[in-house]
Amino acid sequence: KLNKPHQFWETQPMPNINELDSLKPGPIQEGILEEVRKDPYNLISKFEWCNIDLRNDEQAQQVYTLLKENYVEDDDNMFRFDYSIDFLRWALLPPGQHPDWIVGVRVNQKLVGFITGIPVTLHIENQQTKVKMTEINFLCVHKKIRANRLAPVLIKEITRRVHIKNMWQAVYTAGIVVPTPISQTRYYHRSLNAKKLIEVGFSSLSARQTISRQQKLYKLPEEPKTQGLRSMKKKDVAQVTKLLNEYLKQFKLYFKYTEDEVKHWFLPRKDVISTYVVEKEQGVVTDFLSFYNLPSQVIKNPKHTHLRAAYSYYNVATQTPIVQLMYDALILAKNEGYDVFNALDIMENEKFLKELMFCPGDGQLNYYLYNWKLESNMLKPEEIGIVLV
Ligand SMILES: CN(C)Cc1n[nH]c2ccc(-c3ccc(F)cc3OCCn3ccnc3)cc12
C-alpha cells in the first residue's frame with residue numbers, strides 16, 4: 001500500500017537514515033542506459049502527458065494559472081507564490097534546455113499537473129567531482145485532483161526523461177522533509193514596507209509597537225552608499241563570470257557558469273531579475289549583488305492582493321564589505337517597490353542577516369540530491385552555494 005508516509009521515497013535511491021554511515025560517497029545506484037524505459041509511464045485514463053512550450057503564450061498562460069492557483073503556500077495558507085510568465089521563461093529556458101523536460105499532464109485539454117527539469121553541472125564537496133545532472137522544480141498537482149498519486153508518477157516520468165539522456169542525479173529543494181535532506185536551511189525576511197506587511201498579516205505588532213515605530217525602525221536611506229554601484233550591462237558579463245566562478249569555489253555545492261549562462265541568469269530583466277555591479281576606476285568590476293522578483297498572492301485580504309517580495313540571489317563581495325553591499329541591496333529593492341527582502345541562511349548570508357535586521361521566517365527550505373551519497377551526511381547551510389528559485 002502506498003499511503004504510508006514516504007512509501008514512495010523509500011523506493012527511490014536516496015540514503016535512508018540507517019544507511020547514512022554504510023553507503024560510500026557518490027552515486028547510490030549505477031545507471032544502465034539500456035534498461036531505461038523507452039515509453040512514458042502509464043497515466044490513469046483521460047490523463048495525458050504533454051511537453052509544455054513556454055515560448056507559446058497560450059501554454060505559458062496555462063502553466064501560470066495552474067501555479068498561481070495550486071502551487072506552494074506558506075504554513076498558515078495565507079500566501080501562495082505567484083510566479084509570472086516572464087519569470088518562468090527565465091527560470092526554465094536557460095541555455096541547453098531540453099523541451100521534453102517541461103512536463104505537463106492534461107485532462108480534456110486542462111493542465112492539471114506539472115514538473116520541470118533544467119540541465120546543470122553541479123560541483124559536489126570538492127573541485128574534482130562535477131556531475132552533469134538536472135535541477136528539478138515546479139512540481140504541482142491541481143488541488144482538485146490530489147491523492148490520485150499523480151505526484152509520484154510525475155517524479156518517475158521526469159526521472160525517466162533524465163535517465164534516457166544518460167544523466168543519473170538531480171538536485172531540488174522543498175519546504176517539506178522527505179528522505180533525505182542534504183541540508184536544512186532557514187529563510188529570513190527584512191521589512192521594506194512595514195505598513196503593508198502589517199496590513200497583509202505578514203508581520204504583527206506587539207502591545208508596545210506601533211506602525212509608525214516600525215516604519216522608523218526599518219527606514220532606509222534614499223540612495224545606495226557604495227561608490228560605482230550601477231545596473232549590470234552586457235559589457236560586464238566577462239568580469240561577472242570570473243568573479244562568480246571564483247567566489248563559488250569556497251562552497252561544497254555550487255554550479256560553474258559559462259558566459260552564456262551568466263548572460264541568461266544575471267542580465268537584468270524587468271520584474272524578474274535585478275543585478276547591480278560595483279565598478280571601480282578603469283571599468284574594473286569588484287563586486288555584484290542580485291535579487292529576483294517573486295510575488296506571493298495574499299489569499300484572503302480586503303486591502304491587498306499581493307505581497308511584493310525580492311529574494312536574495314547571488315552576491316559577490318570582494319572589495320565592498322558584504323554588510324554594506326547587502327544594505328545597498330535593501331535600498332535598491334525598496335526603491336524598486338518591494339515590500340520585503342527575503343534571504344536564506346546559505347553562503348555568507350549569516351554575516352548580514354542580524355546586522356541588517358532580518359527576522360527569521362516560520363519554515364525551512366530543505367536541499368536534496370537524488371541518487372548521490374555525500375561524504376559528509378549533511379551540509380551546513382553556509383556550505384551551500386546554490387540558489388534554486
Ligand atoms: C525554492 N523553490 C523550489 C520554491 C519553494 N518551494 N517550496 C518552498 C518553501 C519555502 C520557500 C521560501 C524560500 C525562501 C524564502 F525567503 C521564503 C520561502 O517561503 C516562504 C513561505 N512562502 C511560501 C509561499 N509564499 C511564502 C520556497 C519554496
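**Exercise 1. Sort the shell residues around the ligand into nonpolar, polar and charged, and find the polar atoms that face the ligand.**

Step 1: start with the split. The shell comes out as 9 nonpolar, 5 polar and 2 charged residues. Here Ala, Val, Leu, Ile, Met, Phe, Trp, Tyr, Cys and Pro count as nonpolar, Asp, Glu, Lys and Arg as charged, and the others, Gly among them, as polar.

Before going on, a word on the model: it is predicted, so local features need pLDDT of at least 70, side-chain atom pairs count only at pLDDT 80 or more, and totals for chains, interfaces and linings use all residues. Numbering runs from 1 along each chain as its sequence is written, and side-chain values use heavy atoms, with hydrogens and water left out.

Step 2: pick out the neighbours. Of the 16 residues that surround the ligand, the closest are Thr173, Tyr187, Ser296, Asn342 and Val389 (near means that a heavy atom of the residue lies within 4 Å).

Step 3: look for polar atoms. The side chain of Ser296 puts an N or O atom 3.2 Å from a ligand nitrogen. At Val389 a polar backbone atom sits 2.9 Å from a ligand nitrogen.

Step 4: check the cover. On its own the ligand has 580 Å² of accessible area, and the protein covers 91% of that (Shrake-Rupley method, 1.4 Å probe; for residues, only the protein chains shown count as cover).

**Exercise 2. Work out where Asn137 sits and what it touches.**

Step 1: Asn137 is part of strand 5, residues 130-141 (strands are DSSP runs of E with at least two residues, helices runs of H or I with at least four, numbered from the N terminus).

Step 2: its relative accessibility is 12%, so Asn137 counts as buried (buried is under 20% relative accessible area, exposed over 50%, partly exposed in between, with a 1.4 Å probe and protein chains only).

Step 3: leaving out residues up to four places away in sequence, Asn137 touches Tyr71, Ile115, Thr116 and Val389 (contact means heavy atoms within 4.5 Å). With Tyr71 there is also a side-chain polar contact of 3.4 Å (N or O atoms within 3.5 Å; within protein, one must be able to donate a hydrogen and the other to accept it, and residues adjacent in sequence count only if both atoms are side-chain atoms).

**Exercise 3. Take three of the structure's 20 salt bridges and place the partners.**

Step 1: get the criterion straight. A salt bridge is a side-chain nitrogen of Lys or Arg within 4 Å of a carboxyl oxygen of Asp or Glu.

Step 2: try a pair inside one helix. Arg160 and Glu157 come to 2.7 Å, closest N to closest O. Both lie in helix 3 (residues 150-163), 3 residues apart, or about one turn of the helix, and both are buried.

Step 3: now a pair that spans the sequence. Glu199 meets Lys303 at 2.8 Å, N to O. Glu199 is in helix 4 (residues 194-199) and Lys303 in the loop between strand 12 (296-298) and strand 13 (306-307), so the bridge ties together parts 104 residues apart in sequence. Glu199 is partly exposed at 23% relative accessibility, while Lys303 is exposed at 55%.

Step 4: finish with a network. Glu73, Arg80 and Lys143 are joined by salt bridges that share partners. Within it, the side chains of Arg80 and Glu73 meet at 2.7 Å, N to O, and Arg80 is buried, at 10%.
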